[in-house]
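Subject: Handover of a structure

Dear colleague,

Please find the sequence and structure below, handed over for your study. My notes on what was found follow directly after.

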Amino acid sequence: MRLSRSCLWPQVSCSLLLVFIATASQAAALDALHDPPHHAADRLTDDATPVLSLDEAVRLSLVDQPILSGHEAVINANERQAVSAAQLPDPKLSGGLKELPVDTSEAFSLRRDNFTEFTVGLSQDLPRADKRRLKGERKQLDAETERAALRNDRRAIRRDASLAWLDVYEAEQGLTLAQKLTAEAALQVQSLEKDYGNGKASQADWSAAKVEAGLVADKEHDWLHRAQRMRAGLARWIGDDAQRPLAGALSLPPPPSALPELMAAVDQHPVIGGLDAQIEASATDIALARQAYKPDFSVEGYVAYRPGFADFVGIQVSVGLPYFTKNRQDPELAAAFERSRASKDRKQDLLRELHARVSQDYLDWHHYRARAGEFDTAIIPNATRRVEEARGAYQAGRGSLDAALLARRSLLDIQLQRLALAVEAARAQVRLQYFAAPQDRPGETP
């Protein structure tokens with residue numbers, strides 16, 4: 001049966017219209033890939049919750065921090081004990097009944113025997129002034145050790161809060177890229193579904209695309225879980241502020257100094273300062289152990305009341321006799337020397353450890369920065385050109401949408417790698433700041 005031209009024209013017109021709509025839809029999808037939607041955290045406006053920058057997270061981490069207030073309480077306690085330890089012991093008040101007869105006709109009589117007396121006495125122990133001074137200095141050194149621990153914990157909290165912020169930043173940036181990958185995988189499934197319906201693709205290709213889309217969606221879910229988990233970790237340092245949206249860009253502190261300067265700064269680190277205080281305390285313990293070879297004194301005055309007879313007054317002095325030193329003073333002095341040596345050995349070992357950590361972090365910082373720079377100067381530009389070329393080939397009818405989607409997906413994978421390198425470099429820089437930071441910042445009390 002032959003159809004007239006008037007009957008064929010509406011069908012041809014409809015077919016051309018459908019082709020035009022399909023082409024426009026694919027072009028719109030490709031444009032969406034070129035500039036995919038941002039993560040929800042990036043769409044917050046100025047009137048929403050203020051963003052949480054790295055510097056703000058560090059500042060908040062030092063506010064109302066129990067570990068810091070605990071150190072301050074111990075410092076205050078040791079300083080107060082340093083005052084009391086340097087004082088004379090409290091005097092002692094004594095009283096009693098002496099020389100009470102228990103037989104003959106004068107038994108239990110308070111008046112018949114002229115030796116019976118009621119006594120009231122006041123005594124005072126007199127440890128040597130050097131010993132009291134050393135005990136006060138020993139407690140003051142305990143306070144200095146705790147003060148060094150406070151300064152170190154301030155640095156450690158700044159470091160750990162910064163690292164927690166970077167964990168959240170990496171997870172949420174990774175989530176944003178994973179969401180882009182998910183959108184592209186869905187577009188590829190749609191494209192292959194259409195090609196399969198037109199006989200241009202096999203069912204196996206379409207099924208493989210759906211499997212890949214499922215894996216990409218699982219990766220997005222994993223990044224979401226990681227972002228939520230990292231938020232919970234950041235809340236350990238800043239509480240509810242950890243739920244604020246993060247700043248979109250890294251605002252890192254100034255680059256670290258040269259390696260020799262960092263190595264020199266390690267020698268002034270609060271951890272080393274705490275060990276220096278312990279070494280000085282060990283020297284004080286040695287001096288105290290030597291003081292134990294010297295006798296202490298005590299003095300007592302008393303009044304004796306004798307009913308029916310004359311009253312007495314008296315005074316007596318006691319002195320220690322540190323003559324048997326083999327099993328008392330000698331072991332204590334030897335132990336003090338051993339503790340002093342142990343403190344010095346701990347310092348040398350910790351210096352080696354800190355120097356090694358500084359070297360490693362410095363190497364990491366240079367390594368990851370160099371790799372991120374290579375991504376910025378060569379790898380990402382080449383991957384971007386690949387996307388543009390595949391997109392141009394598709395629009396010109398010389399390439400497929402699948403090739404354009406694959407190029408874009410490859411670019412996003414590369415961006416994930418570049419994100420990981422940038423964050424690793426930032427982590428190394430934060431760790432170096434822990435070693436190189438001044439002992440106290442303006443506005444912080446020691």
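Asp-296 counts as partly exposed, since its relative accessibility is 26%, a value that falls between the limits of under 20% for buried and over 50% for exposed. Please bear in mind that this is a predicted model. Asp-296 forms a salt bridge with Lys-131, and the closest N and O atoms of the two are 2.9 Å apart. This pair links distant parts of the chain: Lys-131 belongs to helix α4, whereas Asp-296 sits in the loop between α7 (270-291) and β3 (297-305), 165 residues apart. Lys-131 has a relative accessible area of 12% and is therefore buried, the cut-off being under 20%.

As general background, side chains of opposite charge can pair when their charged atoms come close.

A further salt bridge joins Arg-226 and Glu-170, with 3.2 Å between the closest N and O atoms. Arg-226 lies in helix α5 (residues 203-238) and Glu-170 in helix α4, so this salt bridge ties together parts that are 56 residues apart in sequence. Are these partners buried or exposed? Arg-226 is partly exposed, with a relative accessible area of 30%, while Glu-170 is buried, at 7%.

The next salt bridge to examine is formed by Lys-347 and Asp-276, whose closest N and O atoms are 2.7 Å apart. It too links distant parts of the chain, with Lys-347 in helix α8 (residues 329-395) and Asp-276 in helix α7, 71 residues apart. Asp-276 is partly exposed, having a relative accessible area of 31%.

Which residues are joined into one network by salt bridges that share partners? They are Asp-167, Glu-170, Arg-226, Glu-424 and Arg-427. The pair of Arg-226 and Glu-170 described above is thus found again among the members of this network. In total, the count comes to 27 salt bridges.

Finally, I would draw your attention to Asn-152, which lies in helix α4 (residues 129-197). Asn-152 is buried, because its relative accessible area is 14% and the limit is under 20%. With which residues is Asn-152 in contact, leaving aside its neighbours within four places in sequence? The contacts are with His-269, Pro-270, Val-271 and Tyr-434.

Yours sincerely,

A colleague

Key: Residues are numbered from 1 along each chain as its sequence is written. This is a predicted model: local features need pLDDT of at least 70, side-chain atom pairs count only at pLDDT 80 or more; totals for chains, interfaces and linings use all residues. Side-chain values use heavy atoms; hydrogens and water are left out. Helices (H or I, at least four residues) and strands (E, at least two) are DSSP runs, numbered from the N terminus. Buried means under 20% relative accessible area, exposed over 50%, partly exposed in between (1.4 Å probe, protein chains only). Contact means heavy atoms within 4.5 Å. A salt bridge is a side-chain nitrogen of Lys or Arg within 4 Å of a carboxyl oxygen of Asp or Glu.
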